[in-house]
Amino acid sequence: MCGIVGYTGREEALPILLDGMRRLEYRGYDSAGVALLSGEGIEVSRKAGPLDALVQELEGHPPSGTAGIGHTRWATHGAPTDSNAHPHSDCSGRIAVVHNGIIENHEHLRRQLERQGHRFNSETDTEVVAHLLEAKVAERSCTLREAALAVASELEGAFALVCVSSAEPDVIVAVRQDPPIIIGLTADAGFVASGIPALLPYTREVMPLDNRQVAEIRPGSARVFSFSGDKVSVDKVTVEWDEAAAERGGFEDFMLKEIFEQPDAARDTMRSRFDESGGVVLDEVHWSDETLRRITKVVVVACGTSFHSGMAAKHAIEHWTRLPVELDLASEFRYRDPVLDDRSLVVAIAQSGETADTLAALRFAKKMGASVVAVTNVVGSSITREADAVLFTHAGPEIGVAATKTFTCQLIALNLLALYLAQARASMPADKLAETIEAMQALPDQIEETLLLQDDVHRAAKRYAMATDILFIGRGVGVAVALEGALKLKEISYLHAEGYAAGELKHGAIALIEQGVPVVGIVTGQALYEKMLANIAEVRARGAETILVARRGDERVRAIANELFEVPTTKPLLSPVLDSIPLQMFAYFVAKERGLSPDKPRNLAKSVTVE
Ligand code: F6R
């Protein structure tokens, strides 16, 4: 949440900041602002609304300077207005700060500062930091970095802070307590950002700060200190993503581009993960087979779309390994007093690797003695540094706020993990393992075929774009697909959608069905096929119109579908990878028909770094 960018070097900073902010705008788009440092002092410009509003505002009189900081906001404290937009300044206007996170004790600090005579200009929690820095610099005649270290220990909550002072015009100071901060260096410039895409035009060697660290960045160099003031070294991480991967590349929206990147993303996620003898190799999961055999249960924790991939994985893990699997929303997990021990394997799934609740769940699980494997898309993210093992989805950067390619790659990575466990525990006959691996290897080509449904899906989207409610139903792994289809639709089209286990409809939700209500049904499963057809008959009998995802050539389903999306046939437990694709496209086209921007849905941000 919130995009942060900082630059110090020899070039004009404004274009570099705006470019970085554009690359991070998916993290928040309630307002945007920059602070430029020059020999004259600090010039702050801020504007409510998307980044374009700020760009327009600055046209004709761009602020100048060779260092500066920028911010795109996802509002927490204070409405998205000009005065609440970051950067925030101290009373003298000599210090400017941008922030991602929540400062929990801001009210107390603000009252203290007001008593000391500080004047506030916004309703944000962030502004206290600017005034605290001002107070520390005045009290101690210290550098900005020293002041930041002192301030950090007074703040409670989660904060990634980046600040500048006119007294040190080529220095940027960054502070990390939970939300990510990443540093990049070239020979004559220093960069800091809250996300990797902002750094890609300059370097692919990045230095993520650890928690409770402060960095002092100058052109070409950076020094990092722990909160206790000791100088520490930071490892460089090489990012595979190239700059083009974070561009729209001719597509109208990132979401559409990312939907169409799925065949390659799936191939990349599976690359090097099968050996010649037909087994699964996961070099990153370094536990011995003996350790894997000791596991007595698996617990999957995640939020949002990642939770849905975990829900599908529960079926695969249980079926292939015969281990019991619990599935928890990360935001609930640690509050339900779960039973865990050193024989529990916790699978924490987070595309961003930064979701606050998933990180908290991971920490809780580790404290209880469990082993944690993280499934994530972002190298160097917080989750990768705290988990015992990491399984990367190699989906490339996902900029559209709605997760698409990372969902299908999570499904693939989780299936790999399930097969890997089954292999180590010898819980799956060799021929079944081989067949399943073969079916997985066919998925990228099958995804390509599934994308050919684009026109059919677009037609259905036009037909139902103005509906007021849509139900999504499935059974077995199809429930996860239904929930994900409904989430995708509601988050980008603002159309009310509910995902349901089809067998549950009769227990309440069927009351919502009346003449013409669209019902999306996932009918690719084999085990519960007849039951699913019966559930569809029940809604049709009450006037529902059906949009059905079925196996290619299924004439029984064709006969009862108002709109039909036929996907290639795969193994039932793998079918969510294919079944979810027409539903992603459906959500995309419905949003477009409703005149909405699918990449930046209201109220949302890509990476949820607050609880
Ligand atoms: C929906 C979506 C969100 C995320 C959720 C978790 O399209 O993207 O529901 O899945 O915020 O994010 P990660 O996976 O980064 O933990």
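**A parallel sheet and its covering helices**

In this predicted model, strand 16 is a good place to begin: 6 of its 6 residues are buried, so the strand is largely enclosed by the rest of the structure. The burial extends to both faces of strand 16, with K297, V299 and V301 on one side and V298, V300 and A302 on the other. This arrangement can be read alongside a general feature of strands: in a regular strand the side chains alternate between the two faces of the sheet.

Strand 16 has partners on either hand. Strand 18 runs parallel to strand 16 and is joined to it by 6 bridges; within this pairing, A302 has I349 of strand 18 as its bridge partner. Strand 17 is also parallel to strand 16, here through 5 bridges, and V299 stands opposite E326 of strand 17. Moving along the sheet, strand 18 (residues 344-350) pairs with strand 19 (residues 371-376) in the parallel sense over 6 bridges. In strand 19, V372 is the residue that stands opposite V346.

Taken as a whole, these strands belong to an open sheet of 5 strands, ordered 17-16-18-19-20 and paired in parallel. Strand 17 (325-329) and strand 20 (389-392) occupy the edges; each has a single partner strand, so one side of each is left without a neighbour in the sheet. From one strand to the next, the twist averages 20°.

Helices accompany this sheet. Helix 13 (residues 405-425) lies across strand 18, strand 19 and strand 20, and its direction makes an angle of about 165° with strand 18. Helix 11 (residues 356-367) offers a pleasant check on geometry: at 1.5 Å a residue, its 12 residues should span 16 Å, and the end C-alpha atoms are 17 Å apart, which agrees.

Helix 11 is also well covered. Of its 12 residues, 9 are buried, so this helix is largely enclosed by the rest of the structure. The buried set consists of A356, D357, T358, L359, A360, A361, L362, F364 and A365. These residues pack against strand 16 (297-302), strand 18 and strand 19, as well as against helix 10 (330-333) and helix 12 (382-386). After helix 11 comes G369, with a positive phi near 95°.

Elsewhere in the chain, S226 gives a local example of burial. This serine is placed in strand 13 (residues 221-226). Its relative accessibility is 15%, which is why S226 counts as buried, the cut-off being under 20%. Apart from neighbours within four places in sequence, S226 is in contact with L149, R212, Q213 and V232.

At the scale of the entire protein, the model contains 19 helices and 25 strands. The radius of gyration is 25 Å, close to the 25 Å that the globule rule gives for 611 residues, so the protein is as compact as a globular protein of that length. Along the principal axes, the C-alpha atoms fill a box of roughly 75 × 55 × 40 Å. Burial is counted for 61% of the 611 residues. Among contacts between residues at least 6 apart in sequence, 72% join residues at least 24 apart. Finally, the accessible surface comes to about 22,600 Å², and carbon and sulfur atoms account for 47% of that area.

Conventions:
Residues are numbered from 1 along each chain as its sequence is written. This is a predicted model: local features need pLDDT of at least 70, side-chain atom pairs count only at pLDDT 80 or more; totals for chains, interfaces and linings use all residues. Side-chain values use heavy atoms; hydrogens and water are left out. Two strands pair if DSSP finds at least two bridges between them. Helices (H or I, at least four residues) and strands (E, at least two) are DSSP runs, numbered from the N terminus. Axes are lines fitted to C-alpha atoms, for helices over the stretch in contact, and angles run from 0 to 180 degrees between N-to-C directions. Contact means heavy atoms within 4.5 Å. The expected span of a helix is 1.5 Å times one less than its number of residues. Buried means under 20% relative accessible area, exposed over 50%, partly exposed in between (1.4 Å probe, protein chains only). The radius of gyration is taken over C-alpha atoms; the globule rule is 2.2 Å times the number of residues to the power 0.38. Accessible areas come from the Shrake-Rupley method with a 1.4 Å probe; for residues, only the protein chains shown count as cover.
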